[in-house]
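Work through the exercises below with the coordinates open. Each task is followed by a solution in steps.

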Number of protein chains: 2
Amino acid sequence: MDSFEFYSPTRFVFGRESEKKTGDLVRRCGGTKVLLHFGGGSVKVNGIYDKVVASLTQAEVPFIPLGGVQPNPRSGLVREGIDLCRREKVDFILAVGGGSVIDSAKAIAFGTVYAGDFADYYFGKDVKAPKPVPAALPIGAVLTIAAAGSEGSANSIINLEPGNLKRGATGEALRPKFAILNPMFTYTLPPFQTACGAVDIFAHLVERYFTPTQDVMVSDELCEGLMRSVVVASVKALAEPTDFAARSDLMWAGSLAHNNVCGAGRVQDWASHGIEHELSALYDCAHGAGLAVVMPAWMDYVKDTDLARFARFAEKVFGVAPADKTLMVDEGIARYRAWIHSLGLPLTFRELGAKAEDIPALVAKLGLNGNTLGRFRPLKDDDVAKILESCAR
Amino acid sequence: MDSFEFYSPTRFVFGRESEKKTGDLVRRCGGTKVLLHFGGGSVKVNGIYDKVVASLTQAEVPFIPLGGVQPNPRSGLVREGIDLCRREKVDFILAVGGGSVIDSAKAIAFGTVYAGDFADYYFGKDVKAPKPVPAALPIGAVLTIAAAGSEGSANSIINLEPGNLKRGATGEALRPKFAILNPMFTYTLPPFQTACGAVDIFAHLVERYFTPTQDVMVSDELCEGLMRSVVVASVKALAEPTDFAARSDLMWAGSLAHNNVCGAGRVQDWASHGIEHELSALYDCAHGAGLAVVMPAWMDYVKDTDLARFARFAEKVFGVAPADKTLMVDEGIARYRAWIHSLGLPLTFRELGAKAEDIPALVAKLGLNGNTLGRFRPLKDDDVAKILESCAR
């Protein structure tokens, strides 16, 4: 096991009606004036917005609403939020939404207290050691989709305009103080979004599972257990959208998949996420849909690096019976694709709406500049191109 | 899934030489004068004490040593520590040891800032809703045995003298700010202590696994994965005490088994712990040894409450092949006992050094007063007596 620090001080408040605690939690974090940040308005339609407002009102916490966060959240709205928070002397950012809303809230929380341009800290992936964000306003999240895990992470990813460079920042200051997890809030999600969320959660575990570090039994067990849970629960939730147990397992798995308890003690990969970010930046596709295309293709390309690990993945996660290792590996990846397909998500460039002729531009925008991507099998530009070409066939 | 809050703000610092960060971590927590609390002196023999002192000295943090914590830590030393901390204006408590040292440190951290007697908050188990400890000095831990999980928990258990009432307190203020986890510190443990620690870790998972709450797939998977890890790693660590991977898995599993990530969303049992505390209070036996006797006997007594759950335990944790449910259940408990026996731990009153004629006194001291113990199957006085009698046969 490699050396590590594990520090996850987010207070996860889980259950039916947990949103009723929002106002009190903001108060306990010292918030006296809140930016209430949300997305395209679905939270107003399904009543979640009103429930959060009721809790803030009951706790006598004044707030200023700022909606309009798009999937793949844009820097333009972040700048608007920063101006608003400074002008109105906001001291707490409350995100009501999924990963995009929370990531946008994090950027605003940082930018409001940072004297320069917030984008200074949203480095390109070619920067080897990005500096952590030094400070931010406190952040809380009311989660509406089980997916990104941003409610318990210290990361934020923003589309920097113009040019749609999708870039991330990190830092303990970005970690939400609390996350409200009410699984019933996900009952009304469109099936496509539920599916994208499940594939994203699974991908966060895959990025931590495929590692050059040997002998970390505990982390292997945690990753495999959560991967199995996500596969089972996603199928149940799509079949019966109001299955509370399935929605609960998905939501809690989503937080645990990305607060890093599953990545303790070993090198992680993250190549697939890096490649996918270029797809969603260019095509504005859902992150989960992009991962559905990229990650199985990544597996096919890198499987020879450690056949034993891929065979274990096949057996433990998808129940492939022990047999010839190569056969097991291929069967495991096939079952992974079959699960994705059963959720109604794309597996190819064509199904995603991506184009083979964009591959050189996608690789160039990734900006490796001679560096490598990923740590299970470090990839160069031409490796990335080959993975994308396999998706375009 | 039941509603829950999960909040685990301890910073776990894991790896070889992680103790070198102790002084800096104390400083980051605002500590300027430390009580350095430890046990019977083994940390001085094996060099751990000197390494911690070196780190404190390098960070220019003055400290006052207070050794002598016994297993089943006594209130007498706690009171001595409280007096010392008040007199010397100590503002940080650093525990170097295992669960007993950390629990004693927690009691001192609380008692130093509490105007009354610290024991006021160490309620008997018959108190239905104990009040959480309101405040305490900040606490850090340098762990020397994988076992109790106190390094990441908000609980403390003390033997209250005279009478050796073993009683607990709880409260967020008792949760360590950081825990230093260097698996190499456990290389020199006597095999008996390594074994007791493994059985204690496993028991923390069992207490969370056997629950009346249905349908919590994620928590089931986490518990089962960690139980399997503990069984495998404990056997390896006893065979080869310097097996870094095995020691790492045990240590990290110990922290995760008790910071409550494995208990999220469901009612937990804790009857076996309640019963065992009376054994270790009366006989001063190791907590893990007491659990080795009590917990399998508890399983035999309560298995009919939910045969399906015990069958799952047998299959998932001990690899019992699916068959007739009753046969699976008994085989699972038999393998659990076989694992304990293979570690060299007692399974009976006689092997533990306990006496059948003490059973009425043990039950009386538990003090149920007509209430019940445990929540998987609530136990009355006579249930507890029958479980203990089965150990004494």
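**Exercise 1.** Classify the mutual orientation of helices α6(B) and α9(B).

Solution. The structure is a predicted model. Take α6 as residues 191-209 and α9 as residues 271-283, both of chain B. Their axes lie 9 Å apart and enclose an angle of about 135°. Angles over 145 degrees count as roughly antiparallel, and 65 to 115 as roughly perpendicular. The angle found falls in neither range, and α6(B) and α9(B) are therefore oblique to each other.

**Exercise 2.** List the residues through which α6(B) and α9(B) meet, and sort the contact by class.

Solution. From α6(B), the residues are B:Asp200, B:Ala203, B:His204 and B:Glu207. From α9(B), they are B:Ala271, B:Ser272 and B:His273. By class, this contact of α6(B) with α9(B) holds two nonpolar, three polar and two charged residues.

**Exercise 3.** Compare the length of helix α11(A) with the expected span, then describe its buried residues and what follows the helix.

Solution. Helix α11 of chain A covers residues 307-318, twelve in number. From first to last C-alpha it reaches 16 Å, close to the 16 Å expected at 1.5 Å a residue. Its buried residues are A:Arg309, A:Phe310, A:Ala311, A:Phe313, A:Ala314, A:Val317 and A:Phe318. These pack against α6, α7, α10 and α12 of chain A. After α11(A) comes A:Gly319, with a positive phi near 65°.

**Exercise 4.** State the confidence scores of chain A and of the model.

Solution. Chain A has an average pLDDT of 96, and 98% of the residues score at least 70. For the model, ipTM is 0.95 and pTM is 0.96.

Note on methods: Residues are numbered from 1 along each chain as its sequence is written. Chains are lettered from A and ligands numbered from 1 in the order in which they are written. This is a predicted model: local features need pLDDT of at least 70, side-chain atom pairs count only at pLDDT 80 or more; totals for chains, interfaces and linings use all residues. Side-chain values use heavy atoms; hydrogens and water are left out. Axes are lines fitted to C-alpha atoms, for helices over the stretch in contact, and angles run from 0 to 180 degrees between N-to-C directions. Helices (H or I, at least four residues) and strands (E, at least two) are DSSP runs, numbered from the N terminus. Angles under 35 degrees count as roughly parallel, over 145 as roughly antiparallel, 65 to 115 as roughly perpendicular and the rest as oblique. Contact means heavy atoms within 4.5 Å. Ala, Val, Leu, Ile, Met, Phe, Trp, Tyr, Cys and Pro count as nonpolar, Asp, Glu, Lys and Arg as charged, and the others, Gly among them, as polar. The expected span of a helix is 1.5 Å times one less than its number of residues. Buried means under 20% relative accessible area, exposed over 50%, partly exposed in between (1.4 Å probe, protein chains only). pLDDT is the predictor's confidence in each residue, from 0 to 100.
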